[in-house]
Amino acid sequence: MANGERALDGALHFSDREDVREKLFKRVWTQELNDVFADVAKYYDRANYVASLGLWNKFRNSFLATIDLQSGQKALDVCAGTNAVGIAMLRKQPDLKVCAMDRSAAMQEVGRQLAEKEGFHIESVIGDVHKLPFPDNHFDVVTLQWASRHLRVIDVYAEIRRVLKPGGYFYHCDMLRPGSKLVERAYYAYLRVSLSVTAVLFQSGATARNCKKYFIDALSLFYSAEEMSQLLRHLGYENVSSKTLMGGMIGFHKAMKP
């Protein structure tokens with residue numbers, strides 16, 4: 001098969017898969033998740049710490065260790081949530097210019113307060129990350145963590161590539177679909193229990209509790225670490241590398257815009 005035919009097959013594969021994900025989950029993405037994150041914003045980080053059995057900070061630190069930063073760079077944190085990664089990057093490089101974008105005003109308000117407590121300023125933009133309101137070739141670094149399962153990623157990653165400067169890097173972290181079926185089954189079983197426990201412990205609202213099945217379904221139709229690398233290469237990124245934890249349950253990716 002010619003290279004052009006292989007590229008076309010890859011494009012169709014990823015596009016078709018994203019069409020399926022969007023068709024199944026669009027109502028949740030566009031209507032329900034805003035209410036979920038408004039509900040959980042004040043205890044989001046604590047709930048993740050409990051659900052991960054105390055490993056949440058380790059996961060974050062492992063991801064941050066993959067991020068190369070230089071003085072004066074411009075960084076964009078996509079789906080920034082409570083600004084945990086933006087704050088951590090500023091601790092490493094205080095003269096960074098960090099912009100955070102998220103659809104949840106409630107999460108960003110928590111993030112603003114956390115940043116201000118440490119004396120940091122992070123510019124906040126509220127909006128749909130499928131269309132980034134920034135010029136081409138603008139940022140040195142873009143990060144995205146714990147959110148891709150709720151996005152049409154083929155579009156978001158293309159937008160991230162657009163706003164990156166040539167030679168800039170995209171850093172990604174998320175829960176992924178493990179390559180092993182045995183690990184996958186154990187993973188989903190644990191998530192069902194942990195989501196139920198944290199919902200009771202933190203007295204989650206009805207919308208958050210009702211999304212438990214969605215979180216499992218969205219993960220089961222998501223990408224493995226190798227598939228994620230293939231998608232990034234398909235979109236034109238180069239020097240793509242990945243690292244996984246816990247049998248492929250957590251994955252970190254680094255990719256350069258040529």
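The sheet, a helix pair and the nonpolar cores of this predicted model are described below.

The strands of the sheet number seven, and they are arranged in the order β3-β2-β1-β4-β5-β7-β6. The sheet is open and its pairing is mixed. Its edges are formed by β3 (123-126) and β6 (238-245); each has a single partner strand, so one side of each lacks a neighbour in the sheet. On average, neighbouring strands are turned by 15° against each other, direction ignored.

Both parallel and antiparallel pairs can be described in detail. Strand β1 (residues 74-78) runs parallel to strand β2 (residues 97-102), and the two are joined by five bridges. Within this pair, Val 78 has Met 101 of β2 as its bridge partner. The edge strand β6 runs antiparallel to strand β7 (residues 250-256), with six bridges between them. Here Glu 238 lies opposite Met 256 of β7. The hairpin of β6 and β7 has four residues between the strands, and Met 246 adopts a positive phi near 55° in this hairpin.

Helix α3 (residues 56-64) and helix α4 (residues 84-92) form a crossing pair, with axes that come within 11 Å and cross at roughly 55°. An angle of 35 to 65 degrees falls outside the roughly parallel and roughly perpendicular ranges, and α3 and α4 are therefore oblique to each other. Their crossing is right-handed. On the α3 side, the residues that meet α4 are Arg 60, Phe 63 and Leu 64. Their counterparts in α4 are Ala 84, Val 85, Ala 88, Met 89 and Lys 92.

Met 89 of α4 also has a place in the largest nonpolar core, which holds 52 residues. Together with Ile 67, Trp 146, Tyr 214 and Ile 250, Met 89 touches the most other members of this core. Helix α1 (residues 3-40) supplies the largest share of the core, seven residues. When residues up to four places away in sequence are not counted, the contacts of Met 89 are Leu 64, Ile 67, Leu 69, Ala 75, Leu 96 and Thr 143. Leu 64 is thus named both in the α3-α4 contact and among the residues touched by Met 89. A second core, separate from the largest one, comprises 34 residues, including Val 125, Ile 154, Tyr 157 and Leu 232. In soluble globular proteins, nonpolar side chains tend to be buried together.

Technical notes:
Residues are numbered from 1 along each chain as its sequence is written. This is a predicted model: local features need pLDDT of at least 70, side-chain atom pairs count only at pLDDT 80 or more; totals for chains, interfaces and linings use all residues. Side-chain values use heavy atoms; hydrogens and water are left out. Two strands pair if DSSP finds at least two bridges between them. Axes are lines fitted to C-alpha atoms, for helices over the stretch in contact, and angles run from 0 to 180 degrees between N-to-C directions. A nonpolar core is a set of buried Ala, Val, Leu, Ile, Met, Phe, Trp, Tyr and Cys residues joined through side-chain atoms within 4.5 Å. Buried means under 20% relative accessible area, exposed over 50%, partly exposed in between (1.4 Å probe, protein chains only). Contact means heavy atoms within 4.5 Å. Angles under 35 degrees count as roughly parallel, over 145 as roughly antiparallel, 65 to 115 as roughly perpendicular and the rest as oblique. A crossing is left-handed if the near helix is turned anticlockwise from the far one by less than a right angle, and right-handed if clockwise.
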